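Here is a short briefing to read alongside the structure. Take a moment to bring up the view, then follow the topics below.

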Amino acid sequence: MVCNMTVTKVVEIPLVTTEVPIGPQHPALHEPLLLKVYADGEEVVKVEVNTGYNHRGVEKLCEKNTFYRDIFIAGRVCGICNTVHANCYVRALEYLLDIKPNNRARYLRVLAMELERIHSHMIINAIMAEIVGFETLFMQIMLDRERVMKAKEILTGNRVLGDYMMIGGVRRDIDEVKRARIRDLLVKLKPRIEFYKKVFEEDETIIKRLVEVGLLKPVDVTSHSLVGPVARGSGVRIDSRASDKYDAYDEIPFNVITRTEGDSWARMMVRWDETLEALNMCLYILEKLPADGNPVPDEKRLPRVIPQGESYARVEAQRGELTYYVMSDGKSTYPYRVKIRTPSFNNIINSAFMYVGLSLADVPVALTSLDPCISCMERVIVIDLEKNTKYKLTLKELAGGRV
Amino acid sequence: MSSKRDLFSKYAVKVDLVKPKRTVFIIRPENVRPLFKDLIEQHGYESFYISTIVGTDLPGEGKIRLDYYVVLLPEEETIVVRTYLDRNNPVIDTLVDIVPGVFNGECETHDLLGIFFRGNPYLKRGFFVSLDIAEKGIYPLRKDSGV
């Protein structure tokens, strides 16, 4: 029999699609999030991001607590970037109150936030080293990161949760001894950061695993609302420190780091360069710290009722633009509405398109370059479309090449 | 080609301010989608991004206020597109097919406040809210939700 049909298009349908659930609970996962990765062989064909595992209702909680208690709630939205959260919320209140802290307080705020940027960028670079199998580098970076944690402890009184921000200023001042100790820690840290940056620039394994993985074009960045080092790694210059010039960012010199490669490597290199910039900013602050009065406001004299109105504050957190919207009805000591938009909310949920076409092994690298962290999969579910059946594989079976 | 701000002014029925100096363009709900379509056609995707969507329940007025915080690039100026929806039937056309960056904001606002974004196929309860609350039909950020 002769077939007269002409083939105009060939559609390749994968016979077996593997669903690889990454998360929501995973030893190397920063945030409880589920990435459902669908793979055709080794190639990722689709990714779904499932959320809701850690929704604590913080916005509602803020409505049920006073403006002042909310400063401490905001600081607990995230451990790694707690001072930027508190700073953003406090500035939103200051906009409503028309209060401006003195210069010393503004400089100290920037010092706390930039110390936080240093340790946050160090930890994600360390995790990236671990993800690509370079565990020694992970250990080394984490060891050096302790210097920043110590510096933050000297400044705020705590290594992690600083609770440093207050309306009209900060909650602790520093004396000459503390200034010298923080400076000493940072001066010792600087050559280590330069060394790690060089490792990321030159190490063959890191380059092979990161370069051209998870490419993002500038148009993808803006259309999907991606922010922070993810945007800057694709050449999109978004940095609210430079545009909004809040606190002392209008006086402290710094460069906005951008790169044009748009891959995972570029995003990590942006972070290393920003770490060095942050370190230089901290040293500048410690040298030029103004002495125009007490940076610690008298909390008992601060107004309890915030005037009626709305404000919207932006801060450049380590992971990108973080925003707080605060609305006060002017009648009570409770906010009418608080809306928090974290950078990961955009960067992680809106970036599912980025993984398509990657190999499975590159998924953790691409995800980590966005600054959560997921290492490897624990198990997979195999969906056989021909037989319409599902079965699960353990990691051992997978390692044995059963797929 | 009009400037970006002119485009927003064209659709605005009123202009307001959110501190500090964020211009608010209040527009009708049916004009939100045409506004962003014009913005993309005239200035391209790289001229802005939608930073966040803020929904606020205003039971006294019988409305839900919906704010799109837009960052204009490269000047990085934040402006607000504000619209009001009927609280009993809060429906607005989706932007997700023309601006994929609103995916998270629309899903969240739907889950927490019950706004229905017409044409968004990804809307679901349980995006953030735990399923036991979602199954009862409760929208936690509504003032009368009892949460």
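The points below cover the cavities, then chain A, then one helix of chain B.

Please keep in mind that this is a predicted model. The structure holds two cavities of 30 Å³ or more, and each of them has its own group of bullets here.

**The largest cavity**

- The volume of the largest cavity is about 60 Å³.
- Its lining is made up of 14 residues, and those nearest the centre of the cavity are B:S51, B:T52, B:I53, B:N104 and B:G105.
- Two or more lining residues come from each of these elements: β8 (337-341) and α12 (343-349) in chain A, and β3 (48-58) and α3 (103-113) in chain B.
- The largest share belongs to β3(B), which contributes four residues to this lining.
- Sorted by class, the lining of the largest cavity has four nonpolar, seven polar and three charged residues.

**The second largest cavity**

- The second largest cavity has a volume of about 40 Å³.
- From chain A, its lining includes A:E59, A:R337 and A:K339.
- From chain B, the lining of the second largest cavity includes B:I53, B:G55, B:E108, B:T109, B:L112, B:L113 and B:L141.
- At least two lining residues apiece are supplied by β8 of chain A and by β3 and α3 of chain B.
- Here α3(B) gives the most, with four residues.
- The lining of the second largest cavity divides into four nonpolar, two polar and four charged residues.
- If you would like a residue to click on, try B:I53: it is among the residues nearest the centre of the largest cavity, and it also lines the second largest cavity.

**Chain A as a whole**

- Chain A contains 14 helices and 10 strands.
- Of the 403 residues in chain A, 59% are buried.
- Among the contacts in chain A with a separation of 6 or more, 69% are between residues 24 or more positions apart.
- The accessible surface of chain A is about 16,700 Å², and carbon and sulfur atoms account for 52% of that surface.

**Helix α1 of chain B**

- How do the buried residues sit on this helix? In α1 (residues 4-11) of chain B, the buried residues are B:K4, B:L7, B:F8 and B:Y11.
- Looking down the axis of α1(B), you will find these buried residues within an arc of 95°, so they line one face of the helix.
- The cover over the buried residues of α1(B) includes β2 (22-26), α2 (32-43), β4 (63-72) and β5 (77-86) of chain B.

Technical notes
Residues numbered from 1 in each chain as written. Chains lettered and ligands numbered in written order. Predicted model: local features only at pLDDT ≥ 70, side-chain atom pairs only at ≥ 80, totals over all residues. Heavy atoms only, no water. 1 Å grid on protein atoms, 1.4 Å probe; cavity = no way out; pocket = protein on both sides within 12 Å on 5 of 7 lines; lining within 4 Å. Points joined across faces, edges and corners; volume = space filled by probe spheres on them. Nonpolar A, V, L, I, M, F, W, Y, C, P; charged D, E, K, R; others polar. Buried < 20%, exposed > 50% of the residue type's maximum accessible area, 1.4 Å probe, protein only. Contact = heavy atoms within 4.5 Å. Areas by Shrake-Rupley, 256 points an atom, 1.4 Å probe, with all protein chains shown as cover. Arc of directions from axis to C-beta.
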